[in-house]
Amino acid sequence: MKKIFIILFIALLSNCTDTNDNNNCFLGIILNETINLSNPQFIDIQVPGGHTIANIGGRNLIIIRNNTSSFKAFDLQCPERDCTSPMSFDGLRFTCPCSGKEYNSLNGSPINGEGCFALEYNVIQISSSALQISR
């Protein structure tokens, strides 16, 4: 009986994972794409401060180059998910056209402090000419 209990306990512990999503407004979105920075579509992110909007993996994303080796990518879907139009970007913030809610482009947080964050993707520069964008 003790062996069965120990086996069940170990099985239970090994199946425990952290399923917390820091942005529960965007559950189930998975993306894992590599983009080639030499593609003319991405010319605007060749310089720090530049940004480009692209459809990557079926999602409308904005990619922002912060400095020589740091990039951010955000989904342009409004966090409330009740708007079919993409958010706009003015260089400092994203704005949802349906609700008028604004989000900080540094971390996706709502500017008024309420609600979900804009969906941010992980961006890794894997070579001088390629980025890996994932979630």
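A disulfide is taken here as a pair of cysteine sulfur atoms within 2.5 Å. When the bonded cysteines of the chain are numbered in sequence order, the resulting pairing is 1-6, 2-4, 3-5. The structure is a predicted model, in which local features need pLDDT of at least 70 and side-chain atom pairs count only at pLDDT 80 or more, while totals for chains, interfaces and linings use all residues. Residues are numbered from 1 along each chain as its sequence is written, and side-chain values use heavy atoms, with hydrogens and water left out.

Let us begin with the cysteines. Searching the whole structure gives 3 disulfides. One of them joins Cys25 and Cys116, with the sulfur atoms 1.5 Å apart. This pair links distant parts of the chain, 91 residues apart: Cys25 sits in the loop between helix H1 (2-14) and E1, and Cys116 in the loop between strand E7 (102-104) and strand E8 (120-127). Helices (H or I, at least four residues) and strands (E, at least two) are DSSP runs, numbered from the N terminus. Both Cys25 and Cys116 are buried, where buried means under 20% relative accessible area, exposed means over 50%, and partly exposed covers the range in between (1.4 Å probe, protein chains only).

A further disulfide is formed by Cys78 and Cys96, whose sulfur atoms are 2.1 Å apart. The torsion about the S-S bond of Cys78 and Cys96 is about 105°, so this disulfide is right-handed. Cys78 belongs to the loop between E4 and strand E5 (88-89) and Cys96 to the loop between E6 and E7, so the pair ties together parts that are 18 residues apart in sequence. Cys78 and Cys96 are both buried. Cys83 is joined to Cys98 by a disulfide with an S to S distance of 1.9 Å, and this link is right-handed, with 65° about the S-S bond. Cys83 lies in the loop between E4 and E5 and Cys98 in the loop between E6 and E7, so this pair ties together parts that are 15 residues apart in sequence. The relative accessible area of Cys83 is 8%, so Cys83 is buried.

Attention now turns to the aromatic rings. Rings of Phe, Tyr and Trp (its six-membered ring) are paired if their centres lie within 6.5 Å; planes under 30 degrees apart count as stacked, over 60 as edge-to-face and the rest as tilted. By this rule, the count is 2 aromatic pairs. Phe74 and Phe94 make a tilted pair, with 5.0 Å from centre to centre and 55° between the planes. Phe74 is in strand E4 (residues 70-75) and Phe94 in strand E6 (residues 93-95), so the pair ties together parts that are 20 residues apart in sequence. Phe74 has 0% relative accessibility and counts as buried; Phe94 is buried too, with a relative accessible area of 0%. Phe89 and Phe94 also form a tilted pair, at 5.1 Å centre to centre and 35° between the planes, and both of these residues are buried. Phe74, Phe89 and Phe94 form one aromatic cluster.

The strands themselves bring in an open sheet of 6 strands, with the order E1-E9-E8-E4-E3-E2 and antiparallel pairing. Strand E1 (32-36) and strand E2 (51-56) stand at the edges with a single partner strand each, so one side of each is left without a neighbour in the sheet. From one strand to the next, the twist averages 30°, where axes are lines fitted to C-alpha atoms (for helices over the stretch in contact) and angles run from 0 to 180 degrees between N-to-C directions. Two strands pair if DSSP finds at least two bridges between them.

At one edge, E1 pairs with strand E9 (residues 130-134) in the antiparallel sense over 5 bridges, and the bridge partner of Asn32 in E9 is Ser134. Ser134 counts as buried, at 19% relative accessibility. Not counting residues up to four places away in sequence, Ser134 touches Leu31, Asn32, Tyr121 and Asn122, contact meaning heavy atoms within 4.5 Å.

At the other edge, E2 and strand E3 (residues 59-67) pair in the antiparallel sense over 6 bridges, and Ile56 has Arg59 as its bridge partner in E3. E2 and E3 form a hairpin with 2 residues between them, and Gly57 in the turn has a positive phi of about 60°. E3 and E4 likewise pair in the antiparallel sense over 6 bridges, with Ser70 in E4 as the bridge partner of Asn67. A hairpin with 2 residues between the strands is formed by E3 and E4.
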